[in-house]
Amino acid sequence: MYSRIAGTGRYLPERILTNQDLEKMVDTTDEWIRDRTGIERRHIAAATQTTADLAEQAARRAMEAAGVTPADIDFIVVGTTTPDVVFPNVGCLLQERLGIHGCAAFSVEAACSGFIYALSIADRFVATGQARCALVIGAETLSRITDWSDRTTCVLFGDGAGAVVLKPADEPGIVSCHLGADGRYKDLLYHPYGPSRCPGPVFGDDAGAFIHMKGNEVFKVAVKTLEGLVEEALGANNLEHAAIDWLIPHQANLRIIQATARRLDMPMERVVLTLQDHGNTSAASIPMALDVAVRDGRVKRGDLLLLEGFGGGFTWGACLIRF
Ligand code: COA
């Protein structure tokens with residue numbers, strides 16, 4: 001048995017912050033941001049909106065597209081690094097909102113690879129018959145951990161959520177998933193604090209409770225790792241580059257995406273690009289990009305998709321999918 005994607009959905013908060021808006025907040029220009037990243041605008045959650053709110057909207061749209069109701073859902077996994085609270089996890093918060101009870105509901109913390117990690121877990125449960133209708137979500141409110149006075153990071157990030165419904169199938173579906181991580185790079189991209197490591201005398205001075213990143217170094221490792229990852233996914237299935245119909249990458253930086261596409265000999269017309277509209281939304285970006293391409297008719301049933309992501313940790317992952 002296999003799992004297949006039965007429906008997709010996404011949600012972006014209403015408020016838009018453009019590059020021109022950022023020019024008024026920090027020493028930057030629209031031209032610099034577009035040239036170096038490809039980003040034009042990002043969406044920012046309202047003060048009262050949390051990650052679970054965004055996740056709920058995306059989940060409801062994915063369920064509608066799949067023709068299922070909350071009562072059908074028997075497994076919930078959410079990729080997020082910006083949960084509402086430490087616990088209950090976002091999956092449980094979502095379960096309560098959907099009015100369903102009893103099924104497994106949890107979140108996976110793997111930064112920008114969170115959705116790929118979540119999808120690979122849900123795939124195993126559905127493919128082995130332990131779940132029959134899984135809700136897989138990537139949802140983030142990165143604006144809450146972004147330093148809006150730091151031009152080197154604040155131009156990059158935004159909020160959003162994407163979701164898919166997975167159901168059993170006789171044929172793949174999810175063809176294969178490939179996950180990896182390397183904690184040696186923990187200091188290149190991180191948030192310094194959590195419940196167990198607080199600012200103060202024990203752990204050192206207050207480094208600022210925001211995303212910290214050595215952008216240049218992240219860039220180099222990301223490009224190199226993603227090159228190896230896409231080759232691994234294709235090699236494991238004896239597939240040539242040309243077999244891929246659509247590359248659906250994590251939407252962090254246009255130049256990283258272009259480098260991966262070049263490695264696959266893939267024209268940019270076959271790469272789904274949405275980062276211009278919402279920036280880097282971490283775990284939410286891949287399912288949102290998938291939903292955009294499904295709803296605008298580019299991705300069709302039977303197409304072979306390569307989803308890939310890379311993020312803090314470092315973590316990375318790819319899923320090869322027959323849609
Ligand atoms: N506006 C204007 N200038 C800026 C700027 C901004 N928003 N941010 C940085 N700069 C300046 C720097 O201060 C530096 O100035 P200097 O040369 O006078 O010192 C110059 O631009 C170049 O900075 P650098 O960091 O080398 O630029 P870059 O080409 O590497 O681009 C990133 C920066 C962040 C866009 C790029 O490194 C990147 O995208 N990295 C990967 C980040 C990522 O994807 N992270 C998430 C992974 S999931």
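How do the residues of the shell around the ligand divide into nonpolar, polar and charged? In this structure, which I should say at once is a predicted model, the shell divides into 10 nonpolar residues, nine polar ones and four charged ones.

Let me stay with the ligand for a moment. It is surrounded by 23 residues, and the closest of them are Thr28, Arg36, Arg151, Asn216 and Asn253. For three of these residues I can give a polar distance to an oxygen atom of the ligand: in the side chain of Arg36, an N or O atom is 2.7 Å from such an oxygen; for Asn216, a polar atom of the side chain is 2.7 Å from a ligand oxygen; and for Asn253, a polar side-chain atom and a ligand oxygen are 2.5 Å apart. As for the surface, the ligand taken alone exposes 960 Å², of which the protein buries 73%.

Which elements give two or more residues to that shell? They are helix H2, residues 30–37, helix H6, residues 151–154, helix H7, residues 215–236, helix H8, residues 254–263, and strand E12, residues 304–311. Among these, H7 gives the most, with four residues.

Strand E12 brings me to the sheets. E12 belongs to an open sheet of four strands, with the order E8-E13-E12-E11 and a mixed pairing. The edges of this sheet are strand E8, residues 174–181, and strand E11, residues 246–249, each of which pairs on one side only, and the twist from one strand to the next averages 10°. E11 and E12 run parallel and are joined by four bridges; within this part of the sheet, Trp246 stands opposite Leu305 in E12. Helix H5, residues 114–127, packs on the sheet, where H5 touches E8, E12 and strand E13, residues 315–322, and the direction of H5 makes about 130° with that of E8.

There is also an open sheet of five strands, in the order E1-E7-E6-E4-E5, and here too the pairing is mixed. Strand E1, residues 2–11, and strand E5, residues 104–108, stand at the edges with a single partner strand each, so one side of each has no neighbour in the sheet. In this sheet, neighbouring strands are turned against each other by 20° on average, with direction ignored. Strand E4, residues 75–79, runs parallel to E5 and is joined to E5 by five bridges, and the bridge partner of Ile76 in E5 is Ala105.

Now to the backbone geometry, for those of you who would look at the dihedrals before anything else. As general background, most residues other than glycine have a negative phi, and most peptide bonds are trans. Where, then, does Gly173, which follows a cis peptide bond from Pro172, have its place? Gly173 is in the loop between strand E7, residues 159–169, and E8, and the omega of the bond from Pro172 to Gly173 is near 25°. Another cis peptide bond joins Gly313 and Phe314, with omega about -10°, and Phe314 lies in the loop between E12 and E13. Turning to phi, Ala111 has a positive value, near 50°, in a residue other than glycine, and Ala111 is found in the loop between E5 and H5.

My last stop is Gln276, which is found in helix H9, residues 275–278. What does Gln276 touch, if we leave out residues up to four places away in sequence? The residues in question are Gly38, Ile39, Glu40 and Arg41. For Gly38 the separation in sequence from Gln276 is 238 residues, while the C-alpha to C-alpha distance in space is 5.7 Å. In addition, a polar atom of the side chain of Gln276 is 3.2 Å from the backbone oxygen of Leu273.

To come back to where I began, the ligand has 23 residues around it, with H7 giving the most to that shell, and the protein buries 73% of the 960 Å² that the ligand exposes when taken alone.

Key. Residues numbered from 1 in each chain as written. Predicted model: local features only at pLDDT ≥ 70, side-chain atom pairs only at ≥ 80, totals over all residues. Heavy atoms only, no water. Near = heavy atom within 4 Å. Polar contact = N/O pair within 3.5 Å; in protein donor to acceptor, adjacent residues only side chain to side chain. Areas by Shrake-Rupley, 256 points an atom, 1.4 Å probe, with all protein chains shown as cover. Nonpolar A, V, L, I, M, F, W, Y, C, P; charged D, E, K, R; others polar. Contact = heavy atoms within 4.5 Å. Pairing = 2+ DSSP bridges. Axes fitted to C-alpha atoms, helices over the stretch in contact; angles between N-to-C directions.
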